[in-house]
Amino acid sequence: MTGTRGGGGAVGDPSARVARGAAGQEDALRGQPGQSAGAGGSKQDIRERIWDYMESENVADFPRPVHHRIPNFKGASRAAEHFPRLQVFRTARTIKVNPDAPQKNARFLVLDSKKTLLVPTPRLRTGLFNRITPPPGANKEMLRKCATSQGVRDFSVPVGLDSRVLVDLVVVGSVAVSEKGWRIGKGEGYADLEYAMMVSMGAVHEGTPVVTIVHDCQVVDIPEALLEDHDLTVDYILTPTRVISTGCKRPKPAGITWSKISPEMLGKIPVLRSLRDREKRAGKDVALQAEHQPFLGSASQHPALPGTVRRPHDAPRPGADSLEAACGPREGEDAPTATVCVGNLPHDARVRDLKRALRELRVAPLQLSWRGPQHRALLHYRDLAAAQQAVSCLQGLHLGDSALTVALARPHNKSPGGCPGS
């Protein structure tokens, strides 16, 4: 493969002229979220600060609001103009660029330079990535169209696992990134998984450079304690005002960590199943995250709802009786040893939002039964003591703006203390 990973950059390469600690406008652009982003908290805290700042300062660009996205920003096209000047770009023949809005100009520049452009399939639903194939004789206007999300759909062909593709350069989106090369995405883990899958299929290796394109305000301090082995790092950061060569030495993912993959995720991503079958035949350990312990994965991959998880001290304690009746086991279900009912879930809540909250509060159950249409969930614990502790810890819990109701559930028709209305 072409291109090398490193911190210095070639003579004449903008990456050799890294600006660190620039004064004036750059400090103003970078300072606000960065001052607090690294001062403790979780990855989600950093995300929320970045998103909030970009919206409040009108740095954000369409689509808005930028919350829970790889945020588009004013100046994204200007930031991407640094890309063709990098030596790693000049020597690359095949470049993978994420499909998000702030990287649109980067995708155009790859096509305009007559290089092969690969774009990941959204959420990996139908494959790993597609190769963009502009019409013969396409002019710049057509190439710009091919670089849009609609163009990616209209002018692409899928790349199979057996294509033996070699990727020389990778571009990922970020919500936050540090000058050390540590990166935080929007929280779903797809960029990390895409890279791990490319490693597994032999498309990239440890020396394949990774670039991200962000606004200056997204360059912040990130505590190393937040990083995990599967987190992807970056080698170059492009902003509207700077090119940063991180010189990052932290190892990139060496492949798919199957113990982090849930059966649910495996079921949603066909190409992941194919890679697992391939690695299983090769004798590798492909044991998944245990189905009965869905909380062993990384909390960083599961974003909370807007506002994150809150536990106000003055939150009213819910009435248990009606919740017990609503959440009790259905007819024909075996009653678990101890079950906690969580009610009043927001209409747009997802199971991963509740899982994240439970992890943060250290009350993860053995199993979770999701009843989204009824705005409820059942948390199954090993014994009554664990369930009672969970009820105590979860009082006053919020997801988004909704105050959740929490109570012990009792089995239907199993004891004189059964739920009313059962």
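**View A. Lysine 43 and aspartate 231 meet through their side chains.** In this predicted model, the side chains of lysine 43 and aspartate 231 are joined by a polar contact of 2.7 Å. Lysine 43 belongs to helix 2, which covers residues 43-56. Is lysine 43 buried or exposed? With a relative accessible area of 7%, lysine 43 is buried, because the cut-off for that label is under 20%.

**View B. Glycine 160 sits in a loop between two strands.** Strand 4 (156-159) lies on one side of this loop and strand 5 (169-172) on the other. Glycine 160 has 38% relative accessibility, so it counts as partly exposed. Have a look at glycine 127 too: 33 residues separate it from glycine 160 along the chain, yet their C-alpha atoms are 7.3 Å apart.

**View C. Phenylalanine 83 in the largest nonpolar core.** This core has 47 residues. Which of them touch the most other members? They are Met54, Phe83, Leu86, Ile95, Leu169, Val211 and Ile213. Zooming in on phenylalanine 83, and leaving out residues up to four places away in sequence, we find contacts with Phe89, Ile95, Ala106, Val110, Leu169, Val171, Val211 and Leu238. Another core, of 38 residues, lies apart from this one; Val204, Trp258, Met265 and Val271 are among its members.

**View D. Four strands make an open antiparallel sheet.** Reading across the sheet, the strand order is 13-14-12-17, and the pairing is antiparallel. Why do strand 13 (367-371) and strand 17 (405-409) each have one side without a neighbour in the sheet? They stand at the edges and each has a single partner strand, so that side is left free of a sheet neighbour. From one strand to the next, the twist averages 20°.

**View E. Strand 13 pairs with strand 14.** Five bridges link strand 13 to strand 14 (residues 376-381), in the antiparallel sense. Here's one to pick out: arginine 371 has arginine 376, in strand 14, as its bridge partner.

**View F. Helix 12 and helix 13 lie across strands of the sheet.** Helix 12 (residues 351-360) lies across strand 13 and strand 14, and its direction makes an angle of about 140° with strand 13. Which strands does helix 13 (residues 384-394) lie across? Helix 13 lies across strand 12 (338-343), strand 14 and strand 17, and runs at about 165° to strand 17. Strand 14 therefore turns up under both helices in this view, while strand 17 is one of the edge strands.

Technical notes. Residues are numbered from 1 along each chain as its sequence is written. This is a predicted model: local features need pLDDT of at least 70, side-chain atom pairs count only at pLDDT 80 or more; totals for chains, interfaces and linings use all residues. Side-chain values use heavy atoms; hydrogens and water are left out. Buried means under 20% relative accessible area, exposed over 50%, partly exposed in between (1.4 Å probe, protein chains only). A nonpolar core is a set of buried Ala, Val, Leu, Ile, Met, Phe, Trp, Tyr and Cys residues joined through side-chain atoms within 4.5 Å. Contact means heavy atoms within 4.5 Å. A polar contact is a pair of N or O atoms within 3.5 Å; within protein, one must be able to donate a hydrogen and the other to accept it, and residues adjacent in sequence count only if both atoms are side-chain atoms. Two strands pair if DSSP finds at least two bridges between them. Axes are lines fitted to C-alpha atoms, for helices over the stretch in contact, and angles run from 0 to 180 degrees between N-to-C directions.
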